[in-house]
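Thanks for coming. I will go through some helix packing today, and I will keep it short.

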Amino acid sequence: TLEGIGAAAQVPAVLDFAVKTTEDSERKAAQKVLAAVCGREPAAAAPVVAALKAAQGAGRVALLDTAARIGGAEALAIATNDAKSADDALRIAAVKALADWPDASAAESLLALASTTKDAKTRVLALRGYVRAAGLLAERTPATAATMLGKAWDLAANADERRLVLSGLGAVRDNAALAVIGKGLDLEEVREEAAAAAVGAC
């Protein structure tokens with residue numbers, strides 16, 4: 001498949017197809033190819049970043065989704081900036097991209113958004129993405145994941161958000177995670193989820 005054998009020279013054509021197609025399945029397939037090629041050859045991401053910098057409107061929204069499959073520091077900086085946009089569609093697309101970032105490098109941007117935004121949808125997406133980013137670190141560096149989820153717990157403003165954090169804590173085998181879970185055990189509204197998370201974290 002092109003995903004397995006694609007090379008940097010094919011990135012511009014695949015990128016153009018990913019942006020222009022109206023079929024979601026075709027876009028996802030093209031994004032997989034881009035992610036695979038850029039994973040093998042990081043420099044191949046340059047056309048994606050260049051296109052993202054130049055794009056406006058719907059094209060930029062589509063490219064943010066593509067950037068989320070590829071990652072990289074430059075694309076991350078652009079998505080982080082767009083997540084503060086006054087344009088609702090662009091802001092939400094950027095937050096979704098950050099929440100789906102292929103590694104945990106978007107975590108700080110997501111935490112900052114969840115901490116400062118006044119927009120409820122942005123907050124929920126950012127918090128969900130931050131919990132997901134912590135999960136990417138759960139096996140490799142559980143102490144870091146536990147610290148991150150402790151911050152998420154402190155941000156959680158309602159039962160649904162606490163359940164979200166507890167779902168992440170249940171996958172972290174670390175005493176610090178159990179300490180945060182203990183706070184959930186003290187709250188009747190999430191006690192059942194906290195108990196389940198405690199079992200998972202032990």
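A residue is called buried here when its relative accessible area is under 20%. Keep in mind that what you see is a predicted model.

With that cut-off, start at helix α6, residues 73–82. Its buried residues are A75, L76, I78, A79, T80 and D82. What do they pack against? The partners are four helices: α4 (46–54), α5 (57–70), α7 (88–99) and α8 (107–116).

Two of those partners, α5 and α7, also pack on each other. As a general point, a pair of packed helices is described by an angle between the axes and a distance between them. For α5 and α7 the angle is about 5 degrees, and the axes are 8 Å apart. The cut-off for roughly parallel is an angle under 35 degrees, so α5 is roughly parallel to α7. On the α5 side the contact uses R60, V61, L64 and A68, and on the α7 side A89, L90, A93, A94 and A97. By class that contact has eight nonpolar residues, one charged and no polar.

Next, the largest nonpolar core, which has 70 residues. Which members touch the most others? They are L64, L98, W101, V165, L166, L169 and I181. L64 you have already met in the contact of α5 with α7. Take L98 as the example: leaving out residues up to four places away in sequence, L98 touches L76, A79, T80, A83, A106, S109, L110 and L113. L76, A79 and T80 are among the buried residues of α6.

I181, also on that core list, takes us to a second helix pair. Helix α12 (residues 175–185) and helix α13 (residues 191–201) have axes that come within 8 Å and cross at roughly 160 degrees. Angles over 145 degrees count as roughly antiparallel, so α12 is roughly antiparallel to α13. The crossing of α12 past α13 is left-handed. From α12 the contact takes L178, I181, G184 and L185; from α13 it takes R191, A194, A195, A197, A198 and A201. The classes there are eight nonpolar, one polar and one charged.

Last, one residue in another helix: E26, in α3, residues 24–40. Is E26 buried, partly exposed or exposed? E26 is partly exposed, because its relative accessible area is 34%. Leaving out residues up to four places away in sequence, E26 touches F17 and T21. Q56 is 30 residues from E26 along the chain, and their C-alpha atoms are separated by 22 Å.

That is my part.

Terms used. Residues numbered from 1 in each chain as written. Predicted model: local features only at pLDDT ≥ 70, side-chain atom pairs only at ≥ 80, totals over all residues. Heavy atoms only, no water. Axes fitted to C-alpha atoms, helices over the stretch in contact; angles between N-to-C directions. Helix = DSSP H or I, 4+ residues; strand = E, 2+ residues; numbered from the N terminus. Parallel < 35°, antiparallel > 145°, perpendicular 65-115°, else oblique. Left-handed = near helix turned anticlockwise from the far one by under 90°. Contact = heavy atoms within 4.5 Å. Nonpolar A, V, L, I, M, F, W, Y, C, P; charged D, E, K, R; others polar. Buried < 20%, exposed > 50% of the residue type's maximum accessible area, 1.4 Å probe, protein only. Core = buried A, V, L, I, M, F, W, Y, C linked by side-chain atoms within 4.5 Å.
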